[in-house]
Amino acid sequence: MADNDNVQSTVMSILTDLTGSDEVTKNPDIDLFTTGMLDSMATVQLLLELQSQLGINVPVSEFDRTQWNTPNKIIAKVESMQG
Amino acid sequence: MINLQPYANPMYFAILGVALLPLIIGLLNGKRLYWYGTLVSFIFLVLIFDGNKIHQGIALIGYGIYEVLLSWLYLRYRTNSKNKNSTPLFVLAVVLAIAPLVVVKMTPLFSPNPSLLGFLGISYLTFKVVGYIMETRDGVIKTFDAVKYIQFLFFFPTISSGPIDRYRRFVKDYDSVPSREKYLELMGKGFHNIMLGFFYKFLLGYLFGTLLLPQVAHLAMISRGGFLDISWGLVGYMYVYSCYLFFDFAGYSLFAIGVSYFMGIETPINFNKPAIAHNVKDFWNRWHMTLSFWFRDYIYMRFVFFAMKHKLFKSRITTANVGYILLFLIMGFWHGETWYYIAYGIFHACAMILTDAWIRFKKRHKGMFPSNKFTYAMAVFFTFNTVCFSFLIFSGFLDTLWFH
């Protein structure tokens with residue numbers, strides 16, 4: 001599945017960029033919010049990057065922190081939204 | 001006329017416990033008695049707003065009709081595929097939704113009497129309505145269900161002071177019946193919450209608010225005259241008031257959450273050990289959480305999203321900072337139109353901006369500062385005192401101290 005690989009690497013590169021550390025690839029089940037790696041500002045940047053790089057529209061209302069709190073969960077969400 | 005203010009005394013819980021019994025038995029047997037739940041809610045609402053509070057009751061009914069109609073009209077507009085998602089219309093809907101609250105909040109500036117539109121809980125209802133409209137705008141609420149919407153808005157355990165629930169989360173609970181195992185667990189947690197609430201509100205809240213607070217206030221008042229009237233009494237007031245505020249409000253929230261659990265509704269928690277926050281950002285994830293998350297999701301994130309998409313500011317730091325100022329100014333005005341609520345808002349906006357700057361500085365200079373248990377304890381101590389100072393501003397005591 002070339003598409004899914006693309007999603008995975010794109011999401012990881014966005015997250016690495018936003019958190020400023022490669023911890024996200026080393027530990028893809030890390031909680032991004034309780035560790036303080038992502039804040040609201042970075043979350044909005046993530047949503048905007050998903051929109052521009054993958055064409056996925058996530059309204060702020062859909063962003064439930066408990067369902068988007070780890071790199072793996074984000075990838076799964078994005079994949080499901082790509083249909 | 002009997003009038004029962006929510007959670008005012010232990011008697012209230014006894015009456016409520018008896019009234020909820022059929023609902024509890026129903027839930028234990030896998031049934032949600034909708035008609036009975038509605039009846040109990042209705043009676044307890046009437047008991048809040050009857051007798052000498054009847055004017056508030058009338059205001060509540062008028063407000064309810066107005067907001068439900070407004071929400072319905074906006075949802076009808078949004079779900080008609082012929083319409084585009086007009087921004088001016090969305091703004092208009094939000095302005096109309098908050099208009100009654102604005103009138104109520106502004107009235108004290110012009111009149112000695114409170115507004116006729118006001119009633120206990122109007123602020124919290126307005127948060128729910130605005131959240132509903134924003135989620136309608138985002139297209140995640142697609143169908144209007146008047147009964148569920150009214151149940152959500154007027155859910156009596158949380159009507160006067162929250163916690164602020166969200167429509168889709170509420171409906172998920174309302175539409176389902178927890179398994180017996182799950183419900184027993186909820187009842188256990190609910191019971192624990194209510195007991196802890198007693199301890200917080202009726203014991204510690206009483207100790208700090210009723211017994212100690214007047215003493216330190218008196219001490220501060222008789223020690224006036226120094227620089228900014230600062231005295232040990234004032235320092236005492238700061239800590240005593242902060243403790244009172246926490247135990248009173250956290251106790252109240254625990255009651256509301258506990259009662260919700262017995263009704264099979266998992267109202268979100270409102271406080272998560274705010275005293276151990278290690279910075280102000282962390283504090284707002286632990287203090288009055290449903291309010292701060294509401295501001296985060298519906299004001300801050302939306303503002304930042306809009307500003308970044310339309311490139312309003314050159315740097316994202318500026319964007320974040322303007323967002324903080326906007327959020328906390330609105331929060332200040334929401335608390336009331338006095339200088340000290342607004343100063344409290346500005347103080348927290350500055351604290352957030354400085355916290356972000358400090359986090360950036362530490363990221364740039366990794367290894368420059370030690371990070372261990374001691375520095376962590378220092379951070380917690382510093383945050384605690386910063387927050388207590390902000391509560392001193394919030395208390396309005398400085399207004400009494402300096403100007404009366």
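Mentor: On a 1 Å grid over the protein atoms alone, a cavity is a set of points where a 1.4 Å probe fits but cannot get out. Its volume is the space filled by probe spheres set on the points, which are joined across faces, edges and corners.

Trainee: What kind of model is this?

Mentor: This is a predicted model, in which local features need pLDDT of at least 70, side-chain atom pairs count only at pLDDT 80 or more, and totals for chains, interfaces and linings use all residues. Residues are numbered from 1 along each chain as its sequence is written, chains are lettered from A and ligands numbered from 1 in the order in which they are written, and side-chain values use heavy atoms, with hydrogens and water left out.

Trainee: How many cavities of 30 Å³ or more are there in the whole structure?

Mentor: The search finds two. The largest has a volume of about 130 Å³, and the second largest has about 50 Å³.

Trainee: Which residues lie nearest the centre of the largest cavity?

Mentor: They are B:R32, B:G37, B:Q151, B:Y174 and B:M263, out of 13 that line the cavity (an atom within 4 Å of a point).

Trainee: Which helix supplies the largest share of that lining?

Mentor: Helix α2(B) does, with four residues. Helices here are DSSP runs of H or I of at least four residues, numbered from the N terminus. In chain B, α2 (34–49) and α7 (167–174) each supply at least two residues of this lining.

Trainee: What about the classes of residue in it?

Mentor: The lining of the largest cavity has eight nonpolar, four polar and one charged residues. Asp, Glu, Lys and Arg count as charged, Ala, Val, Leu, Ile, Met, Phe, Trp, Tyr, Cys and Pro as nonpolar, and the others, Gly among them, as polar.

Trainee: And which residues are nearest the centre of the second largest cavity?

Mentor: This cavity is lined by 13 residues, and B:K128, B:G131, B:R166, B:Y167 and B:Y298 lie nearest its centre. Helix α5(B) gives the most to the lining, with five residues. By class, the lining divides into eight nonpolar, one polar and four charged residues.

Trainee: Now the two chains. How many residues of each are in contact?

Mentor: In chain A, 15 residues are in contact (heavy atoms within 4.5 Å) with 20 residues of chain B.

Trainee: How much area do they bury between them?

Mentor: About 1600 Å², with 62% of it on carbon and sulfur atoms. This is the accessible area (1.4 Å probe) that the two parts lose on being put together, summed over both. Of the area that chain A buries against chain B, 36% is supplied by A:M41, A:V60 and A:S61, more than any other three residues.

Trainee: Which side chains meet in a salt bridge?

Mentor: Those of A:D39 and B:K281 do, at 2.8 Å from N to O. The count between chain A and chain B is one salt bridge (a side-chain nitrogen of Lys or Arg within 4 Å of a carboxyl oxygen of Asp or Glu).

Trainee: Which helix of chain A gives the most to the side that touches chain B?

Mentor: Helix α3 (residues 40–54) does, with eight residues. By class, that side of chain A has six nonpolar, six polar and three charged residues.

Methods:
1 Å grid on protein atoms, 1.4 Å probe; cavity = no way out; pocket = protein on both sides within 12 Å on 5 of 7 lines; lining within 4 Å.
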